[in-house]
Amino acid sequence: MPMNLVIEEVEIEGFRYVSSKLRLKLDYDVVLLLGPVGSGKSTVLSAIEFALFGTTYDIKSSRVLRVDDLVNDFSDYAYVRVRLRDADTGDVYEVIRRKERGKASRVRVYVNGKQVLKGASSEAVASFIESLLGLTLEDFSRQAYIRARELEALTYGTPSQRSEAIDRLFGIEMLEDIFRSVSPTRLDDHILFMRSQAAAIEEQLRGVGDASALRERLAHVEEEAKRLKAELAELEAELAEREGELKELESLEPEYRRLLGLKAGYETIIRELRAEAATLSRGLDLSALISRLNSLRLRLADLLVSLLEHGEAETLRREEVTEGSLAQSVEMLEAAVATVSRRRRELSEELSQLTDRLAQLRARRDAILSEVSATLRRLRELEGSEREYRDLVSRYGEEADIQRGLRELESRVAELAGLIEYERAVLSVAREVVRRGERRCPVCRRELSSEDILRVKRAAEEVAESEYAAYLREYDDLRERREDLLQALDRLRRLREDVSLKRGLEIELGRLRAELKAIEDEIYETEAMMDDIRLRLDEAEGAVKEIEDAIKAVRDYEEYISTMGSIKRYESKLRDVMLKLRELKYDPERKRELESLVAGLRERAFSLRRRLDELRRERDELAHRLARAEALTKELSEVRDRLKRLEQARERLVRVKQLFRDLQAKVRAEMLRRVVSRMNEVFRQVYVHPDYDRLDIRVEVVRARDGYARSVYEIYAHRTSDGSWVPALRRMSDGQRAILALSFLAALFMTTPHNVGTMMLDEPLPNIDEACKEAMVRMLSRISGVRQIVIATQDPRFVKVIEEGARERGLKGIVYEFSHGPLGPVVKVKE
Amino acid sequence: MSARSGITELIRRLIEEEAEDPELRELALEILEAYVRGGRRGVSELVNRVFEEVMRDANEPGDRGGRD
């Protein structure tokens, strides 16, 4: 293709860093956009890209940036106009693109000043521009608009990054994209799941068992069950027959046992009766017994007489005991014994009453004896009182005498008391008269003389010494005597009571002694009566005992007779029972044999049934397991089938992935074949030093960790010193590598067919020396098809390179110096 | 023709040449077409479709003793 389109002019407004209108004339061979970071150089290049394609490669390849981000923050819209000129025909193409924030961009295209595609769709316009340029946005960004990062990826990245960058430049990144997009992950996940499912089923199957083995075992079990069933049927038939026989015997058994019981009972009875008869017959003498009975009969008659039962006694004497009348005699004797017994009871009762009476009498006797003893003791006490009484009477007389003496004494005492009182008064008066010195008689009131007074005094003293004293002595004697009499009287009275009491006690003692004698007489009589009764009782008892013994002997005799009769009866019954037992035809031995046989048959039948049950259970379990094994086998087969299909599908995907990797290697090789020779042409022009003279890029296949074979680009440089090919990126300097990368990109630009004659370089080759820079510009200007170079750089040394190029080779160049302004870049022109 | 379409054509031709297995060749071409039409997403959708078909086929009774 001609590569004839060059950029003549660009006008920018409201785009990225450029807010106000900026128009740059670019119609030069070399255009240098020089300025510091962020001064707007790259904005100009992006604006050209935007105008032509409505977006930028950065936006298209980035998920962060949007087209709206291209609109300047201080503008409502972005406006870019690019004017292109066909260097061969002179036709001018103008593309004007306007993008309002939030809206789609609008584009107008003018050809030689005339708008074309007016009203056409944006796709149609885009198609027109792509046809005009011969490049899509991706191709433009790869071949005409070279960014620093592409160069860096080529020279500094890992082999993978380098390969991806070269693929992108070749436009063959789709092969790696396809390889990565064809992901068997879901299939892998499902295959893993299916494998685990198959493993689980296999595990279950191992637990259940192998189907064929189960089937074989099931058949064996069923065969054994059939055989056992037949055996059981035979066994049950025999068992039924034996059980019938046994049942018949068992029906006879109760009667047999009853007869056996009877037999045993009769035999026992007979044995016991015989023993009893032997006991009864021991010492039995009938005539002696009759003689003894007659003797006892008479004795009993005497006893009845003594018991005042004369009538019955007479009967006994009359009725003699004989062998023929033995029973009647025994009855008679028993009646007599009953009478004796009744009388014995009466006598015993009488004896009991007498005993009670005797005890009462003895108690009374003892009480009387006690009273007599107490009375005698009291009488002995009272005898002293009687003696004292008689002494007092002999001394003081009777009580009347004492009382009379007392009355006389009392009379005299009263008299003496008056005399003593008189004498005492006289004496008192006399003494008072003397004491007071009275001159008059206190009685007759006559005048007393001193002699009188003296005489009175003497008289008084005489009285006091004689009469008064005599009176007082007599008085005291009389009083003492009176006291003595009073005491004697009192004592006499008391003693008289004791004497009286003694008389009463003596009378009572006499009465007690009389009663005691009467009681003792009665006790004697009672004891005699009791002795008599006891004697008769003893006699009756002895007689009764002997009679009873005799009667018992009679009874024993009778019982012996009766026992012998019983023995005969039971022997007859025993014979009957023996006869019936023989007729019954019950054989216990046969029954035992049958029971043993039936038990054995039952046990065997039980064992067979149990074994059949076991076999049935085993058969059921085997059938269940077999069904389960068959189901699991079927399920496993289905899972394996599915797994196989999935694995086949996965294998297909793996193979197709590998196919694309293989294709990638071939396409890479094909693309390199087109570019490498051109790259070497460029390299030799740009790289002015002698150490390396050629480059080569080879496709080398390596085995990746994911198991796929993949190819990588390896760049080699031919070292002139030894003629060897060395890995360029490991041996060359940064600058050499930058030149290598630029050579590759230039070769790509040259080998790819398109209509664009402009190469735009954004910060290319930062580390190369001036000689290489100059060579690069020279080379670019000489590359066939490159009609225009636009370089955005911070490096001012490019100015010198351009100036020299202009001076030496007549290149037309311009330098726009960018700097930071308040609302956007400030641009100065340096032509 | 753009560079990309040229590349696509080159790859298609190489697939025809390199893939001997017709099934593999067909799948590779389908994938390429899907990529041309829808990029990576197109390929992913195709692979998913292939997966779904495989799953559907796998869950259907097979020729070798599927469910009655």
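Trainee: So helices are DSSP runs of H or I with at least four residues, and strands are runs of E with at least two, both numbered from the N terminus. How many of each are there in chain A?
Mentor: Keeping in mind that this is a predicted model, chain A has 20 helices and 15 strands. Of its 831 residues, 29% are buried, and among its contacts with a separation of 6 or more, 78% join residues that are 24 or more positions apart.

Trainee: And what about chain B, how many helices and strands does that have?
Mentor: Chain B has 2 helices and 0 strands, and 26% of its 68 residues count as buried.

Trainee: How many residues are in contact between the two chains?
Mentor: On the chain A side there are 33 residues, and they are in contact with 30 residues of chain B. Helices H4 (137-144), H7 (173-181), H8 (185-208) and H16 of chain A each supply at least two residues of the side that touches chain B.

Trainee: Which of those gives the most?
Mentor: That is H16(A), which gives 17 residues to the side of chain A that touches chain B. If you sort the residues of that side by kind, you find 13 nonpolar, 6 polar and 14 charged.

Trainee: Switching topic, what order do the strands S9, S10 and S11 take in their sheet?
Mentor: These 3 strands of chain A form an open sheet in the order S9-S10-S11, with antiparallel pairing. S9 (692-703) and S11 (725-727) of chain A are the edge strands, each having a single partner strand, so one side of each has no neighbour in the sheet. From one strand to the next, the twist averages 40°.

Trainee: How many bridges hold S9(A) to S10(A)?
Mentor: The antiparallel pairing of S9(A) with S10 (residues 709-719) of chain A runs over 11 bridges, and within this region A:Val701 stands opposite A:Ser711 in S10(A).

Trainee: Which helix packs on that sheet?
Mentor: Here H16 of chain A (residues 588-686) comes up again, since it packs on the sheet and touches S9 and S10 of chain A, and its direction makes about 175° with that of S9(A).

Trainee: Which residues touch the most other members of the largest nonpolar core?
Mentor: Of the 139 residues in that core, they are A:Leu33, A:Val80, A:Ile178 and B:Ile31. The element that gives the most to this core is H16(A), with 21 residues.

Trainee: What is A:Val80 in contact with?
Mentor: If you set aside the neighbours within four places in sequence, the contacts of A:Val80 include A:Val10, A:Ile12, A:Phe15 and A:Phe50, and also A:Arg97. Apart from this core lies another one, of 20 residues, including A:Leu316 and A:Ile547.

Trainee: One last region, helix H18(A): is it mostly covered or mostly open?
Mentor: H18(A) is mostly covered, with 14 of its 18 residues buried. At 1.5 Å a residue those 18 residues should span 26 Å, and the end C-alpha atoms of H18(A) are 26 Å apart, which agrees.

Trainee: Why does A:Gly735 count as partly exposed?
Mentor: A:Gly735, which is found in H18 (residues 734-751) of chain A, has 18 C-beta neighbours inside 10 Å and therefore counts as partly exposed, because a residue is buried with 20 or more and exposed with 12 or fewer. Notice also that A:Gly735 and A:Asp769 are 34 residues apart in sequence, while their C-alpha atoms are 7.3 Å apart in space.

Conventions: Residues are numbered from 1 along each chain as its sequence is written. Chains are lettered from A and ligands numbered from 1 in the order in which they are written. This is a predicted model: local features need pLDDT of at least 70, side-chain atom pairs count only at pLDDT 80 or more; totals for chains, interfaces and linings use all residues. Two strands pair if DSSP finds at least two bridges between them. Axes are lines fitted to C-alpha atoms, for helices over the stretch in contact, and angles run from 0 to 180 degrees between N-to-C directions. Two residues are in contact if their C-beta atoms, placed from the backbone, lie within 7 Å. A nonpolar core is a set of buried Ala, Val, Leu, Ile, Met, Phe, Trp, Tyr and Cys residues joined through C-beta atoms within 7 Å. Ala, Val, Leu, Ile, Met, Phe, Trp, Tyr, Cys and Pro count as nonpolar, Asp, Glu, Lys and Arg as charged, and the others, Gly among them, as polar. The expected span of a helix is 1.5 Å times one less than its number of residues.
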